[in-house]
Amino acid sequence: MPRREVERAQLLGRRIEALTDAVVAVYGEWAREIAEVRLVGVPAGRWGIGGKPAADPAPSVTFAIKEAAFGRPDADDIVARLISGVTGVIAAVVGERVRPRVSVDLVGMPAGRSGVGGVVLTS
């Protein structure tokens, strides 16, 4: 593998590790094994705001989280810690200049509406 590709793979690996660490900081070490991170890049010129191409696209993070998590007594704390932690990781990895534009969405997934390995997750 060419040197540039190796360096890129290492950088992406560090980003994945840092985002996983942010999830673990909120939920605990048990979550590391099941935390899934997908880095999806949007090439320059394929991102826009207000009908115009964006000069500096903002990072966007989407978490699929079990809907029941939002009914917990500590739900507000979990949400705040996830959003703050992930925003901090993105700013640290990409650069502080993006912090004000980082968006984090927590999407509640009802039981029975997702699956892994062809099996519906019911809890």
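Helix H1 (3-27), strand E3 (60-66), helix H2 and strand E5 (114-116) each put at least two residues into the lining of the largest pocket. Keep in mind that this is a predicted model. The pocket has a volume of about 2000 Å³, and 49 residues line it. Which residues lie nearest its centre? Those are Glu36, Val37, Arg38, Val61 and Thr62. Sorted by class, the lining comes out as 34 nonpolar, seven polar and eight charged residues.

Two of those central residues also pair up with each other. Glu36 and Arg38 form a salt bridge, with their closest N and O atoms 2.5 Å apart. Are the two partners buried or exposed? Glu36 counts as exposed because its relative accessibility is 57%, and Arg38 counts as exposed because its value is 67%.

**The overall layout**

Stepping back a bit, the protein has two helices and six strands. Read from the N terminus, the elements go α-β-β-β-α-β-β-β. The C-alpha trace spans about 40 × 40 × 30 Å along its principal axes. Of the 123 residues, 23% count as buried. How much of the contact map comes from residues 24 or more positions apart? Among contacts with a separation of 6 or more, such pairs account for 57%.

**Salt bridges**

A search of the whole structure turns up seven salt bridges. Here are three of them, with the distance between the closest N and O atoms:

| Pair | Closest N and O atoms |
|---|---|
| Arg32 and Glu29 | 2.5 Å |
| Glu36 and Arg38 | 2.5 Å |
| Asp77 and Arg81 | 3.5 Å |

The Arg32 and Glu29 pair belongs to something bigger than a single pair: Asp21, Glu29 and Arg32 are linked in a network of salt bridges. Arg32 is partly exposed, since its relative accessible area is 33%. Glu29, at 51% relative accessibility, counts as exposed, and the cut-off for that label is over 50%.

The Asp77 and Arg81 pair sits within one element. Both residues lie in helix H2 (residues 75-94), and they are four residues apart, about one turn of the helix. Asp77 is partly exposed because its relative accessible area is 40%. Arg81 is partly exposed too, with a relative accessible area of 35%.

**The nonpolar core**

Now for the inside. The largest nonpolar core has 19 residues, and those touching the most other members are Val61, Phe63, Leu82, Val86, Ile90, Val104 and Leu106. Where does this core draw its residues from? H1, E3, H2 and strand E4 (103-109) each supply at least two of them.

Val104 is a handy place to start a walk through the contacts. Leaving aside neighbours within four places in sequence, Val104 is in contact with Val61, Phe63, Ile83, Val86 and Thr87. Of these, Val61, Phe63 and Val86 are on the list of core residues that touch the most other members.

Thr87 is part of helix H2. It counts as buried because its relative accessibility is 12%, with the cut-off at under 20%. Not counting residues up to four places away in sequence, Thr87 touches Arg99, Val102 and Val104.

**Two buried residues on helix H1**

Leu19 has its place in helix H1. What makes Leu19 buried? Its relative accessible area is 11%, which falls in the range under 20%. Setting aside residues up to four places away in sequence, Leu19 touches Val37, Leu39, Val86, Val89 and Ile90. Two of those partners, Val86 and Ile90, are again on the list of core members that touch the most others. As for Leu82, the C-alpha atoms of Leu19 and Leu82 are separated by 10 Å, although the two residues are 63 residues apart along the chain.

Thr20 is in helix H1 as well. Thr20 counts as buried because its relative accessibility is 9%. With residues up to four places away in sequence left out, Thr20 touches Arg32, Ala35 and Val37. That ties back to two earlier topics: Arg32 belongs to the salt-bridge network with Asp21 and Glu29, and Val37 is one of the residues nearest the centre of the largest pocket.

How values were computed. Residues numbered from 1 in each chain as written. Predicted model: local features only at pLDDT ≥ 70, side-chain atom pairs only at ≥ 80, totals over all residues. Heavy atoms only, no water. Salt bridge = Lys/Arg side-chain N within 4 Å of Asp/Glu carboxyl O. Buried < 20%, exposed > 50% of the residue type's maximum accessible area, 1.4 Å probe, protein only. 1 Å grid on protein atoms, 1.4 Å probe; cavity = no way out; pocket = protein on both sides within 12 Å on 5 of 7 lines; lining within 4 Å. Points joined across faces, edges and corners; volume = space filled by probe spheres on them. Nonpolar A, V, L, I, M, F, W, Y, C, P; charged D, E, K, R; others polar. Contact = heavy atoms within 4.5 Å. Core = buried A, V, L, I, M, F, W, Y, C linked by side-chain atoms within 4.5 Å.
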